[in-house]
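Welcome! Here are some exercises to work through with the sequence and the 3D view side by side. Try each task before you read its solution.

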Amino acid sequence: MSVEITWWGHATCTVEDSGVRLLTDPLFARRLAHLRRRRGAVPPPEAAVADVVLVSHLHADHLHLPSLARLAPGTRLLVPRGSRRAVPGLARVAGVRGLRVTEVAPGEVVGVREGVRVRAVSARHDGRRLPYGPHLAPALGYVVQGSARTYFAGDTGLFDTMAEEVGPVDVALLPVGGWGPYLGPGHLDAGRAARALAELAPEAAVPVHYGTYWPIGMDAVRPHEFHAPGVEFARNAERLAPKVTVRVPDHGERVRMP
């Protein structure tokens with residue numbers, strides 16, 4: 001197995017496997033609505049270089065149209081089925097930038113290059129385009145199957161059939177926090193993510209979706225929910241899944257797994 005992960009912050013990662021670059025939920029903004037990037041520099045231009053981009057759901061911090069507009073023409077974009085109907089701006093950005101959009105549903109497999117394919121899996125998360133709108137597209141996770149099997153969970157809560165639906169994996173990129181002092185339903189915190197890790201039983205894991213964005217004016221409200229989730233996840237994982245190698249990279253750091 002040979003896979004390298006670069007964590008750019010929030011849920012944005014570059015996964016490099018067998019010469020293919022895959023980018024998850026690109027968010028390259030200094031500010032998004034009431035959220036401000038509080039840790040890590042805005043990712044450099046090379047962060048937008050990818051063969052395939054995986055979008056987990058329609059929330060603006062995961063399907064971020066200005067960030068998608070930084071992708072090179074011809075980049076392939078995998079999105080939940082129904083995304084173009086739910087977010088008309090997606091078609092406009094894809095048309096202007098020449099992006100190849102493929103809508104997928106849980107269980108579907110997309111070939112990327114010989115030896116590398118991506119399988120969509122379900123997630124337990126409100127995938128609507130907030131703050132309003134009907135449920136037109138599901139929230140997804142993805143399993144990249146190359147020299148390694150890498151699971152990007154997107155945003156999800158812990159659910160009973162997670163390990164069964166995801167299947168055997170070598171690397172897990174798991175959300176362990178959020179962008180505010182309280183997590184609502186459909187999220188993993190450091191403890192629940194460690195429980196998911198114990199059920200998935202990969203060789204290695206990286207915590208994501210924490211310690212990057214925070215609401216403006218709320219720095220003093222439960223600051224440990226911003227700073228601590230990555231380290232807390234590693235500590236919980238040592239107890240619940242001691243055979244799993246956990247790496248906690250800094251923003252922009254590239255790590256080889258396991």
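Two strands count as paired if DSSP finds at least two bridges between them. Keep in mind that this is a predicted model.

**Exercise 1. Pairing at one end of a sheet**

Task: Find how many bridges join β9 to β10, and in which sense the two strands run.

Solution:
- Step 1. Between β9 and β10 there are 4 bridges, and at least two are needed for a pair.
- Step 2. As for direction, β9 and β10 run antiparallel.
- Step 3. For a landmark, look at R113, which stands opposite V116 in β10.
- Step 4. Now look at the turn: the hairpin of β9 and β10 has 2 residues between the strands, and G115 there takes a positive phi near 90 degrees.

**Exercise 2. Walking across the sheet**

Task: Work out the order of the strands in the open sheet that contains β9, and say which strands stand at the edges.

Solution:
- Step 1. Start at β9 and step from neighbour to neighbour: the order is β9-β10-β11-β12-β13-β14-β16, which makes 7 strands with mixed pairing.
- Step 2. The edges belong to β9 (109-113) and β16 (245-246); each has a single partner strand, so one side of each has no neighbour in the sheet.
- Step 3. Move inward from β9 to β10 (residues 116-122), where 6 of the 7 residues are buried.
- Step 4. Strand β10 also pairs with β11 (residues 140-145), antiparallel and through 6 bridges; here the bridge partner of S122 is L140 in β11.
- Step 5. At the other end, β14 (residues 204-208) and β16 run parallel and are joined by 2 bridges. One partner of A204 to look for is T245, in β16.

**Exercise 3. A helix over the strands**

Task: Find which strands helix α5 lies across, and describe how α5 meets α7.

Solution:
- Step 1. Helix α5 (residues 190-200) lies across β12 (149-152), β13 (171-175), β14 and β16. Relative to β13, α5 runs at about 160 degrees.
- Step 2. Turn to α7 (residues 229-240): its axis and that of α5 come within 8 Å, crossing at roughly 40 degrees.
- Step 3. That angle makes α5 oblique to α7, and the crossing is right-handed.
- Step 4. To see the contact, pick out residues of α5 including A190, A194 and L197, on a face that meets a set in α7 including P229, F233 and L240.

**Exercise 4. The nonpolar cores**

Task: Identify which residues touch the most other members of the largest nonpolar core.

Solution:
- Step 1. This core has 52 residues, and the ones that touch the most other members are Y142, Y151, L197 and F233.
- Step 2. Helix α5 gives the most to this core, with 6 residues.
- Step 3. Another core lies apart from it, with 22 residues, among them F28, A48, L65 and L77.

**Exercise 5. A second sheet**

Task: Trace the open sheet that includes β7, and find its edge strands.

Solution:
- Step 1. The order is β8-β7-β6-β3-β2-β1-β17, again 7 strands with mixed pairing.
- Step 2. Strands β8 and β17 (253-257) stand at the edges with a single partner strand each, so one side of each is left without a neighbour in the sheet.
- Step 3. From one strand to the next, the twist averages 25 degrees.
- Step 4. In β7 (residues 76-80), 5 of 5 residues are buried. Strand β7 runs parallel to β6 (residues 52-54), with 3 bridges, and parallel to β8 (residues 100-104), with 5 bridges.
- Step 5. Use L78 as a marker: it is the bridge partner of L54, and T102 in β8 is its bridge partner too.
- Step 6. For an antiparallel pair, go to β2 (residues 12-17) and β3 (residues 20-24), joined by 5 bridges; T14 has L23 in β3 as its bridge partner.

**Exercise 6. Two charged residues**

Task: Decide whether D170 and R37 are buried or exposed.

Solution:
- Step 1. Residues under 20% relative accessible area count as buried.
- Step 2. D170, in the loop between α4 (162-166) and β13, has 10%, so D170 is buried.
- Step 3. R37, in β5 (residues 35-37), has 9% and is therefore buried.
- Step 4. Look around R37: its contacts beyond four places in sequence include W8, L27, V42, Y213 and H251.

Notes: Residues are numbered from 1 along each chain as its sequence is written. This is a predicted model: local features need pLDDT of at least 70, side-chain atom pairs count only at pLDDT 80 or more; totals for chains, interfaces and linings use all residues. Side-chain values use heavy atoms; hydrogens and water are left out. Contact means heavy atoms within 4.5 Å. Axes are lines fitted to C-alpha atoms, for helices over the stretch in contact, and angles run from 0 to 180 degrees between N-to-C directions. Buried means under 20% relative accessible area, exposed over 50%, partly exposed in between (1.4 Å probe, protein chains only). A nonpolar core is a set of buried Ala, Val, Leu, Ile, Met, Phe, Trp, Tyr and Cys residues joined through side-chain atoms within 4.5 Å. Angles under 35 degrees count as roughly parallel, over 145 as roughly antiparallel, 65 to 115 as roughly perpendicular and the rest as oblique. A crossing is left-handed if the near helix is turned anticlockwise from the far one by less than a right angle, and right-handed if clockwise.
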